[in-house]
Amino acid sequence: MSSLLQVKNVTKRFGGVVANRNVSFTIDEKDITGLIGPNGAGKSTLFNMVSAVFPPSEGEIWFENHKIDSLPSHKIAPMGISRTFQNLQVFKKMTVIENVMVGLHTRTTSSLAAAAFRFPRSRKEEKFIYENAMEVVNFVGLEDILEVDAGNLPLGKLRLLELARALATKPKLLLLDEIAAGLNHQETLEMSDLILKIRDQGVSIFVVEHDMDLVMKICDKIIVLDQGEKIAEGTPKAVQNNQRVIEAYLGASDEEELTV
Ligand SMILES: Nc1ncnc2c1ncn2[C@@H]1O[C@H](COP(=O)(O)OP(=O)(O)OP(=O)(O)O)[C@@H](O)[C@H]1O
């Protein structure tokens, strides 16, 4: 199996705070890779660097044959990297289908102005965008609420909409930022199945997640951070039995649990 993404000796400093120190790992094709660690371990910082929210202070990030660590986020989306946000980036006054269609504009060439004036070329693009949006809406199971405003949706449906928006650009690498946060048990199970279904379509997935049940169930490989450093990497079982990992979680707050 070849690696799709390589994180090489990445360090991130915020002033005097070292949020990540010398972290290296790879994400392999068609794998689900999880990123876990106690509060403040540096998960969000690492995730944000992989999705080009900000660059590392030191080290490199490679996607396929491209060095992406100093690219802006709008440049990595067309390369095939897409992410969801824990704090949901949906437009509340737009319908479900409109939200997904807006997400697809990054992949088309006409400007928004051209789309607004409905030039012939943009009409063709609009059809393309609509059909692609419908495909992902069906895939995540939101087809019955196409015309409902996002602002009227419960959290479970909003998380599916956020996922649909990220999937619409047909990523090779999908980054999921706490996609199960706030979901009930049944919704979390459905989300796990959906993530596995996405992987079965050939997409590599990188998840940062507090829900250990979900992580242990779906991940092929887990990276564990503690105080900014990678302390373990391996299968869910290996990581769960790793002494350093157990100690890191035992030293963490009561909210954090490694057991499943
Ligand atoms: N913009 C920033 N400026 C200064 N310090 C930061 C910034 N972002 C993160 N940090 C610090 O970097 C460290 C790692 O934070 P980070 O949010 O990446 O951890 P985390 O594992 O995602 O935590 P949590 O599970 O609580 O979300 C923390 O000490 C945090 O206070």
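How many bridges join β1 to β2, and do these strands run parallel or antiparallel? In this predicted model, the count is eight, and the two strands run antiparallel. The turn between them is a short story in itself: the hairpin of β1 and β2 has two residues between the strands, and one residue there, G15, takes a positive phi near 60°.

Stepping back to the whole protein chain, there are ten helices and ten strands. Of its 260 residues, 39% count as buried. Among contacts with a separation of 6 or more, 66% come from residues 24 or more positions apart.

The β1-β2 hairpin belongs to an open sheet of four strands, which reads β2-β1-β4-β5 and has antiparallel pairing. At its edges sit β2 (17-28) and β5 (66-67), each of which pairs on one side only. On the other side of the hairpin, β1 (residues 3-14) pairs with β4 (residues 58-63), again in the antiparallel sense, and here five bridges are found. V7 is a handy landmark for following this part of the sheet. Its bridge partner in β2 is F25, while in β4 the bridge partner of V7 is I61. Helix α1 (residues 43-50) packs on this sheet and touches β1, β2 and β4, with a direction that makes about 125° with that of β1.

The other sheet to look at is an open one of six strands, in the order β6-β7-β8-β3-β9-β10, and its pairing is mixed. Its edge strands are β6 (81-83) and β10 (229-234), and each of these pairs on one side only. From one strand to the next, the twist averages 20°. Within this sheet, β3 (residues 32-36) and β8 (residues 204-208) run parallel and are joined by four bridges. To place that pair by residue, I32 stands opposite I205 in β8. Helix α1 turns up here as well: it packs on the six-stranded sheet, touching β3, β7 (173-177), β8 and β9 (221-226), and its direction makes about 150° with that of β8.

Now for the ligand. Its surroundings include F14, V17 and A19, then G37, N39, G40, A41 and G42, and finally K43, S44 and T45. Two elements, β2 and α1, give two or more residues to this shell. Helix α1 gives the most, with three residues. So what is the make-up of the shell by class? Six of the residues are polar, four are nonpolar and one is charged. The helix that packs on the four-stranded sheet and on the six-stranded one is thus also the element that gives the most to the ligand shell.

On the domain level, the protein chain is divided into domain 1 (1-80 + 171-260) and domain 2 (90-170). Each side brings eleven residues to the contact between them. On the domain 1 side, helix α7 (residues 185-200) provides the largest share, four residues. That same side of domain 1 has nine nonpolar residues, with one polar and one charged residue besides.

Notes: Residues are numbered from 1 along each chain as its sequence is written. This is a predicted model: local features need pLDDT of at least 70, side-chain atom pairs count only at pLDDT 80 or more; totals for chains, interfaces and linings use all residues. Two strands pair if DSSP finds at least two bridges between them. Two residues are in contact if their C-beta atoms, placed from the backbone, lie within 7 Å. Axes are lines fitted to C-alpha atoms, for helices over the stretch in contact, and angles run from 0 to 180 degrees between N-to-C directions. A residue is near a molecule or strand if its C-beta atom, placed from the backbone, lies within 6 Å of it. Ala, Val, Leu, Ile, Met, Phe, Trp, Tyr, Cys and Pro count as nonpolar, Asp, Glu, Lys and Arg as charged, and the others, Gly among them, as polar. Domain bounds come from an automatic or database domain assignment. A residue is buried if 20 or more other C-beta atoms lie within 10 Å of its own, exposed if 12 or fewer, and partly exposed in between; C-beta atoms are placed from the backbone.
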